[in-house]
Amino acid sequence: NGTHQSRGRIVAMYDYTDEAGERLYQAVRYDPKHFLQRRPDGAGGWTWKLGNTRRVLYRLPELINGDPDAPVFIAEGEKDVNRLRALGFIATCNVGGAGNWQDEYSPHLTGRDVIILPDNDDPGRAHAKGVARSLTGIARSVKILPLPNLPNKGDVSDWLDAGRTADELRTLAGNAVEWIPAADPEPIEAPAPTLSDIDLDA
């Protein structure tokens, strides 16, 4: 597609499919690192916007058909999901990275034990909490697992590249505490109280 030549070199393409494995859209990764999404145009080419295309979780058929008692890891990006899959884990993510989880994804995780792996930055941590909140009351259990010794902005792929193993991840996941919404409230940017806000009779 000539209009996208200037965006850099395509280094990866990640298909998002429906339950039956039919491709709905694709996330395209470029070098220098950035992402675009495209969907089939029905004539053998691509339309470089998703429009009203149904959004689904990455590798949805494997999630649905996987062992219902096995934990599901939610990473922030497709590369991380593929790394986890290669190690034998069930894993998924949403398109668009941090901040783009949609509540319509959550029912696919009904009754599952979910472990969210945040990237080591503020957007990653906020994303993890947003996903956890969305899954509350739907998943059987939800854990947020910040991986130890991650570099700034690091992710599970970086962690594995540093020599960590699937067994270590399994142990960390098993030992992580369950996320409880009441224990992790939304931060509230409250203004300092003025004298009139304070009940002097208290």
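A pocket, as the word is used here, is an open set of grid points at which a 1.4 Å probe fits, with protein on both sides within 12 Å along at least five of seven lines. In this structure, which is a predicted model, the largest pocket holds about 360 Å³ of space. Its lining is made up of 20 residues, and those nearest the centre are Lys33, Phe35, Glu76, Gly77 and Asp119. Three elements, namely β2 (23–31), β3 (34–40) and α2 (78–86), each give two or more residues to this lining. Helix α2 gives the most, with 3 residues. By type, the lining of the largest pocket divides into 11 charged, 5 polar and 4 nonpolar residues.

The strands β2 and β3 lead to the sheet of which they are members. This is an open sheet of 4 strands, arranged in the order β1-β2-β3-β4 with antiparallel pairing. At its edges stand β1 (9–17) and β4 (46–47); each has a single partner strand, so one side of each is left without a neighbour in the sheet. Strand β1 is joined to β2 over 8 bridges in the antiparallel sense. Within this pairing, aspartate 15 has glutamine 26 in β2 as its bridge partner.

Between β2 and β3 lies a loop that contains proline 32. The peptide bond that runs from aspartate 31 to proline 32 is cis, its omega being near 0°. Beyond this loop, strand β3 includes leucine 36. Is leucine 36 buried or exposed? A residue is called buried when its relative accessible area is under 20%. Leucine 36 has a relative accessibility of 19% and therefore counts as buried. In sequence, leucine 36 is 12 residues apart from tryptophan 48, while their C-alpha atoms are 7.6 Å apart in space.

A second pairing of strands is found later in the chain. Strand β7 (residues 113–116) pairs with β8 over 4 bridges, in the parallel sense. Here valine 114 stands opposite valine 142 of β8. Together with helix α3 (residues 122–135), the strands β7 and β8 form a right-handed β-α-β unit.

Strand β8 also illustrates a general rule. In a regular strand, side chains alternate between the two faces of the sheet. In β8 (residues 141–144), Ser141 and Lys143 point one way, whereas Val142 and Ile144 point the other way. All four of these residues are buried.

After β8 comes the loop that leads to α4. Asparagine 149 belongs to this loop, and its phi is positive, at about 60°, although it is not a glycine. Lysine 153 is also placed in the loop between β8 and α4. For lysine 153, phi is near 70°, again a positive value in a residue other than glycine. Which side of the cut-offs do these residues fall on? Exposed means a relative accessible area of over 50%. Asparagine 149, at 66%, is therefore exposed, and lysine 153, at 55%, is exposed as well.

The path then reaches helix α4 (residues 156–161), where serine 157 lies. With a relative accessible area of 1%, serine 157 is buried. Which residues does serine 157 contact, leaving aside its neighbours within four places in sequence? The contacts are with Lys79, Asp80 and Arg83.

How values were computed
Residues numbered from 1 in each chain as written. Predicted model: local features only at pLDDT ≥ 70, side-chain atom pairs only at ≥ 80, totals over all residues. Heavy atoms only, no water. 1 Å grid on protein atoms, 1.4 Å probe; cavity = no way out; pocket = protein on both sides within 12 Å on 5 of 7 lines; lining within 4 Å. Points joined across faces, edges and corners; volume = space filled by probe spheres on them. Nonpolar A, V, L, I, M, F, W, Y, C, P; charged D, E, K, R; others polar. Buried < 20%, exposed > 50% of the residue type's maximum accessible area, 1.4 Å probe, protein only. Pairing = 2+ DSSP bridges. Right-handed = clockwise from strand over helix to strand, strands pointing away. Contact = heavy atoms within 4.5 Å.
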